[in-house]
Amino acid sequence: MQTSGSFVSDQFYTKHVRDLLVRSIRWVTPQTSIQQSAQLMAREQVSCLFIGNSAEDLIGFLTDLTLRDKVLATGLSPEMPVSHILEQPLVSISPEATLVEALILMFQTKARYLLVKNHRGYQGWISRTKVLTEQSQGPFLFIQSVKEARHISELAEKWARMPELIHLLISRGMKAHFVNQMITTVADTITERVIERVIKEIGPAPAKFVFFVMGSEGRGELTLKTDQDNAIIYEDKANEHREKTREYFLDFAARVSTALDRIGIDFCEGELMAMNPKWTHSLSQWKRNYDEWISAASQETAMKYTTFFDCRAIYGEIGLLNQLKEYMGILVEKAPERFFISLGHNALQYEPPITFFRKIRTEDVDGEKQLNLKKTMRPLVDLARVYALKYNILETSTIRRIERLKEKGVFTEKEVQELTHAFEYLMSLRLENQALAMIDRKQKPKNYLQLKNLTKVQQVTLLEIFKVIEEFQARIKISFTRTL
């Protein structure tokens, strides 16, 4: 294993997008021919040309790769309007954002270019290459190397290096939710490479489909102790093709999950994976599942619903998942009151580990008093989710859900600060504990932390966090279960 020095690039973590030389926007109208657009790119020496009705009303963009893949490779006439080959979506970022945020956004959206935008409008654009050059060496070049890996052994080697990277980022003060996103981005990238490899092995899918993830990966909150939570939606096919289509996707899912397990992203103990026939369905069957879960409105079916509420597309036709999410929103608006009561009870299953005498409640594990950090964080995840469901907020990240709830007037600025600090603090403890277990003690990552390893300041901080969680859970009791 390389030393953490291979990841060091201190200045990179303090730089902002505004510190880069932002390139001016060059644009053409949608009616401009492909050839004229290419000539302008050559003349201006730019690799990205924007398309719109003005510099403030942009609808897409064009790159060198677009010209290669959509024009030269297909024999498309260069006299055609450039609107025929424009790329979407446009992704923008504030000049105040850090380069870390810019690169995370680029990897998550697969954008090679970002528009820089403030309250006055577009200021210009930056490229992934430019940002990576600023970093020289570091975590994002590591992610790029994951994108370029193809063999299972290579991907396993990359995943094995994650503890070293995470320890470095936490020790340098990076916020925990950014570190979560880093782990999630690597896991997403590995999954994409595996899916591409499986499709190459067994041939193209017989129907449009989307492979999506749930749980902590769906929320973008992966830690080093993670397992698989995934499912598949495929488009409805005629009766005569239904069985063969289903057979393909179950075989496909089994191959993907087996490869991920070999890499180090373990099988789900509860079998919440696409290889389980329960979690691979056509879009119409998924809608019927949601109908049943909400109409039953029991705690068990509400739990299933919340599990699939934390969902995010990894590969395929994102529109299929979006259609299901829209359907989810319609169902929730019409849901009976007992459904929300069940949601409230589920969100109260895990209480903060605090004793009657206001001490930290521990579990006896291997003869040591230990704190289960995953269970400790669960109430924060649950309360953000239950309010997001009530107010039809489709964000999956716990932090972003809390921020959106402030915008809707559910939480005050102070409450948001308390919840965000609590989440960040607990997650940092959890990530650091896992990384050190793997690096120093050569152990598998765990969610347990020995109480004796906590300083007095840390213990006091944890108790204050537990009190905050108790207050919010009392609020859930009143709002959702109508009890005190």
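This passage describes the confidence, cores, strands and selected residues of a predicted model.

The mean pLDDT of the protein chain is 88, and 95% of the residues reach 70 or more. Residues 1-6 depart from this picture, with pLDDT that stays under 50. Over this segment the model has 12 contacts beyond four places in sequence. Where pLDDT is low, the predicted coordinates should not be read in detail.

The largest nonpolar core contains 135 residues. Within this core, the residues with the most contacts are Ile190, Val194, Phe212, Phe252, Trp286, Phe308 and Phe411. Helix 8, which spans residues 176-202, supplies the largest share of the core, namely 12 residues. Beyond its neighbours within four places in sequence, Ile190 is in contact with Val146, Leu155 and Trp159, and also with Leu260, Ile263 and Ile265. Another core, of 22 residues, lies apart from the largest one and includes Val28, Val46, Leu49 and Val71.

Two members of this second core, Leu49 and Val71, lead to the elements in the earlier part of the chain. Strand 2 (residues 48-54) pairs with strand 3 in the antiparallel sense, over 6 bridges. The two strands form a hairpin, with 2 residues between them. Leu49 has Leu62 of strand 3 as its bridge partner. Of the 7 residues of strand 3, 5 are buried, so this strand is largely enclosed by the rest of the structure.

Helix 2 comprises residues 64-72, and Thr66, Leu67 and Val71 are buried in it. These three residues lie on the same side of helix 2, because they cover an arc of only 95° around the axis. In general, an α-helix has 3.6 residues a turn, so residues three or four places apart point the same way. The cover over the buried residues of helix 2 includes helix 1 (34-44) and strand 3 (57-63). At the N-terminal end, helix 2 is capped by Thr63, of which a side-chain oxygen lies 3.2 Å from the backbone nitrogen of Leu65.

Further along the chain, an open sheet of 3 strands shows the order 4-5-6 and mixed pairing. Strand 4 (92-93) and strand 6 (121-127) stand at its edges; each has a single partner strand, so one side of each is left without a neighbour in the sheet. The pairing of strand 5 (residues 113-118) with strand 6 is antiparallel and extends over 6 bridges. Here Tyr113 stands opposite Ser127 of strand 6.

Helix 3 (residues 99-109) contains Leu105. This residue is partly exposed, with a relative accessible area of 22%; the limit for a buried residue is under 20%. Not counting residues up to four places away in sequence, Leu105 touches Val91, Ser92, Ile93 and Leu114. The C-alpha atom of Leu105 is separated by 22 Å from that of Val194, a residue 89 positions apart from it along the chain.

Strand 8 (residues 230-234) is mostly covered, and 5 of its 5 residues are buried. The burial involves both faces of the strand: Asn230, Ile232 and Tyr234 lie on one side, and Ala231 and Ile233 on the other. Strand 8 has pairing relations with strand 7 and with strand 9. With strand 7 (residues 209-213), the pairing is antiparallel over 5 bridges, and Phe209 stands opposite Tyr234. With strand 9 (residues 280-282), strand 8 runs parallel and is joined by 3 bridges; Ile232 stands opposite Thr280 of strand 9. In general, strands of a sheet pair through backbone hydrogen bonds, either parallel or antiparallel.

Gln434 belongs to helix 17, which covers residues 413-439. Gln434 is buried, with a relative accessible area of 0%. The side chain of Gln434 is joined to that of Asn447 by a polar contact of 3.0 Å. With neighbours within four places in sequence left aside, the contacts of Gln434 are Thr223, Leu224 and Lys225, together with Pro445, Lys446 and Asn447.

Terms used: Residues are numbered from 1 along each chain as its sequence is written. This is a predicted model: local features need pLDDT of at least 70, side-chain atom pairs count only at pLDDT 80 or more; totals for chains, interfaces and linings use all residues. Side-chain values use heavy atoms; hydrogens and water are left out. Buried means under 20% relative accessible area, exposed over 50%, partly exposed in between (1.4 Å probe, protein chains only). Helices (H or I, at least four residues) and strands (E, at least two) are DSSP runs, numbered from the N terminus. The arc is that of the directions from the helix axis to the C-beta atoms. Contact means heavy atoms within 4.5 Å. A polar contact is a pair of N or O atoms within 3.5 Å; within protein, one must be able to donate a hydrogen and the other to accept it, and residues adjacent in sequence count only if both atoms are side-chain atoms. Two strands pair if DSSP finds at least two bridges between them. A nonpolar core is a set of buried Ala, Val, Leu, Ile, Met, Phe, Trp, Tyr and Cys residues joined through side-chain atoms within 4.5 Å. pLDDT is the predictor's confidence in each residue, from 0 to 100.
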